[in-house]
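Colleague: Could you walk me through one part of this model up close? I'd like to get the strand pairing straight, and then see how that part sits in the whole assembly.

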There are 2 protein chains.
Amino acid sequence: MKREVITALEGIVGSKFVITDEETMRPYECDGLSVYTEMPACVVLPASTEEVMAIMSLCYKYKINVVARGAGTGLSAGALPLSDGLLLSLARLNQILDIDKTTSLAVVQPGVRNLAISEQASREGLYYAPDPSSQIACSIGGNVAENAGGVHCLKYGLTVHNVVSAVVVTVEGEKLVLGGAAFDLPGFDLLALMTGSEGMLGIVTEITVRLLPLPDVARVILAGFDSVENAANAVNDIIANGIIPAGLEMMDAYAISAAEDFAKAGYPKEADALLLCELDGSEEDVNHQLSQTQQILQQAGATTLKISESEDERARMWKGRKSAFPAVGRISPDYYCMDGTIPRSELASVLNQIHQLSRFYGLRVANVFHAGDGNLHPLILFDANVQGELEKTEEFGAEILRICVEAGGCITGEHGVGVEKINQMHHQFNDAELAQFHRVKAAWDAEGLLNPGKGIPEPKHCQEHKTLIHSHNTEGSSNG
Amino acid sequence: MKREVITALEGIVGSKFVITDEETMRPYECDGLSVYTEMPACVVLPASTEEVMAIMSLCYKYKINVVARGAGTGLSAGALPLSDGLLLSLARLNQILDIDKTTSLAVVQPGVRNLAISEQASREGLYYAPDPSSQIACSIGGNVAENAGGVHCLKYGLTVHNVVSAVVVTVEGEKLVLGGAAFDLPGFDLLALMTGSEGMLGIVTEITVRLLPLPDVARVILAGFDSVENAANAVNDIIANGIIPAGLEMMDAYAISAAEDFAKAGYPKEADALLLCELDGSEEDVNHQLSQTQQILQQAGATTLKISESEDERARMWKGRKSAFPAVGRISPDYYCMDGTIPRSELASVLNQIHQLSRFYGLRVANVFHAGDGNLHPLILFDANVQGELEKTEEFGAEILRICVEAGGCITGEHGVGVEKINQMHHQFNDAELAQFHRVKAAWDAEGLLNPGKGIPEPKHCQEHKTLIHSHNTEGSSNG
């Protein structure tokens, strides 16, 4: 990067917050999907919307690519730096600016950790509902960029349903306010468009989120099943009966056994499938729903049933689920976490297909996922030291996503597209749809400076067109 | 319109469904805001997505403006025709294609009436939650175009929260599928962008909506207050206590008295303000919430309290609210219905300001509105036959919207911008924000053929710029 740009950046944020030496930049070379790494040209850490505006304006002038980064916990390499680009870390924008009990709104900066909002709001008897597994570490800015989900999202919606407004800095360095505290704003819903746009449309520098009152009571039912199919059907039965649990999670045999060995959560190790169903609300309502749900689970063939009798027990039951990923990490040298979503009614059929593929590829799969949302997280267990096993895993993973799309679902539930799934977007969308995404992208960033190469692939006919031009040019130059 | 275009349109939909004679076109000259009228060049009624694609492709070729129209119940002249444009009525796309109990999804064409969905879904124990007051007549396509609300939206969300996918025909005549049945789709949220876009981005020809299980029980509490302020505070108290009613409506003195005379709903005519609070869910939960709400209302100073003891009584209580608009029509020669939204916490203050303005302008105001959402509907009572009173009413209305924006609210809750409020968009958004709306518009419709002149005004500096150019040109031509 040109010296004059670095000097200008130092003028904006102070030289301490412009990093160019490789050693200090190392932590920024990847996000949570660490198979992809790249060193940026520089890392800049602004501390205010105004500083972000100045940085963007400068980058726009010099046509420098910008990749924004929250806490770096993303799982699709959406925050992978570009070697010639600026990595914009929002970590210093980490203040909770306001929590208002009357309006139930919190105004926060993007670098605030997801869980920190609920921790502070709890003093007012409130909390922020979307709860990605990474909520201890992930930032609300990253949540907005990826439209993050979590256990609670079945009942309380995704990030997009819990954000009411955002301050956005455009690629030109202009400040816009999207959305607002009122119920339904006029104009196009640019806030929903920005949410989940993976840093490709603008830089979010302030976020207002809706808070909910902490429920009086929350209790968990743990139900073991001797088949995945029965558990999947039970999920549909619960919701068809009008019960929307605050969480409805499923685990299969490998996951149960790994989690139980690790967390001693009291899971039935002999079960082939396990459901964790959390009900929250007033005591009367929870009791009523508990008895209804119990009956539904029994009719669906549950072989074991346990209800949390204390907050300790409830926490222990969740601990098994929440530590399932690291627990699986203990039974296999490596694992690859997939993230596909299917209509809930297809759960049994898709899980069965994954099981068949597992045998075909000779690779074990542990399933631990948000069953109520139909959001699968198959963990493919492999050993990167065995030659060809990573490639086989990637092929298996791509097959799983293809099955999800065929079942009427999609290639990502909450981890985003990023670099990882950019090619799978062709399974999900046709060329006309991808072209429309590009036109919308161009409405914000006509020159493609914001996080280029992520999220939205070129339509196939363009790729073919480019390949033709390219091969033509190559021919031309070899001839010339 | 050129004869060759009319012939081509007749070739697409059949000559019966291309209307060009003035008498038959008369019903299409306005929507529900009938102060604005315009006769279109022709009216076309397609019967399928394919026909819409062919029409759009033809119009794109000939650069003909297109205004789409649902049931014509809109209240902001969003479906006002253009004299040189084609009016595209979606009334013949009126089939419910599928209602699926397992997935709780309904696939419908845009011309289906809102209430018809719930009527048919009720056979499966389901219903469609968003319920605009016009739900007997309004169409789901219009609901999507305006992001319609209703009494239920406090608890169950706006249209945008209840639509899962849509088939859209672009201005070029291409078909796109936005959204999908899976929980969180990758790519930009173009479905949310399309919802509420007032016919300016594309033509929706098929919609998949989420259905909810019919609640076991619904009951209404009717609470009278001797001040608007106490009622407004009670609204905030209910929600601050974690109760989200299925409807929370407020009426003030003129509205109570007019509605009671008209509907004999059992309203306390001596009250200065009335709250209708509906609670739904399981019997246990409703009973628990009823007793909590009763206590909150009493503490907030309710002077009368009545709980519906039967479905008949509940229907009667709602009848007063639902007929409040026509009832007010009986006590005044004319009325003008406003639609602004404010943060709930500002209710008392804003209602007080409206009351002061009412005295200043010497015009009565009846307030009847979705209090839980902060969505105001002040009805300004006037007499169009008294000279200057319409102008005074419009001025008063603009003042009310200005107050809403100043209170952190917005210029429309559920009626849209259309033609009516296009100038007020300048109160709501600055030039940079309006420019961004235009860029997003251009990403769908670069030539501005879809419903031009509605929804999004030109940024002011552009207007000034044009005025300058215009005056310059005029000077130039007078000199030349």
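Modeller: Sure, and keep in mind that this is a predicted model. Let's start from one residue pair: Val43(B) has Leu87(B) as its bridge partner in strand 4 of chain B. Helix 3 of chain B, residues 49-62, packs on the sheet here, touching strand 2, strand 3 and strand 4 of chain B. The direction of helix 3 makes about 170° with that of strand 4 of chain B.

Now the strands themselves. Strand 2 (residues 42-44) and strand 4 (residues 86-89) of chain B are joined by three bridges, and they run in the parallel sense. Zooming out a bit, the sheet in chain B is an open one built from four strands, ordered 1-2-4-3, with mixed pairing. At its edges you'll find strand 1 (18-19) and strand 3 (66-69) of chain B, each of which pairs on one side only.

As for the assembly, chain B superposes on chain A through a rotation of 180° with 0.0 Å of shift along the axis, at an RMSD of 0.1 Å. That's the relation of a two-fold axis. If you want a landmark for that axis, take Asp285(B): its C-alpha lies 2.5 Å away, the closest approach of any residue of chain B. The copies meet through the same surface, because 100% of the interface residues of chain B are also interface residues in chain A.

Over in chain A, the division is into domain 1 (3-89), domain 2 (96-213), domain 3 (215-329), domain 4 (332-419) and domain 5 (424-467). The C-alpha centres of domain 1 and domain 3 of chain A are 42 Å apart.

Methods
Residues numbered from 1 in each chain as written. Chains lettered and ligands numbered in written order. Predicted model: local features only at pLDDT ≥ 70, side-chain atom pairs only at ≥ 80, totals over all residues. Heavy atoms only, no water. Pairing = 2+ DSSP bridges. Helix = DSSP H or I, 4+ residues; strand = E, 2+ residues; numbered from the N terminus. Contact = heavy atoms within 4.5 Å. Axes fitted to C-alpha atoms, helices over the stretch in contact; angles between N-to-C directions. Domains from an automatic or database assignment. Least-squares fit on C-alpha atoms with pLDDT ≥ 70 in both.
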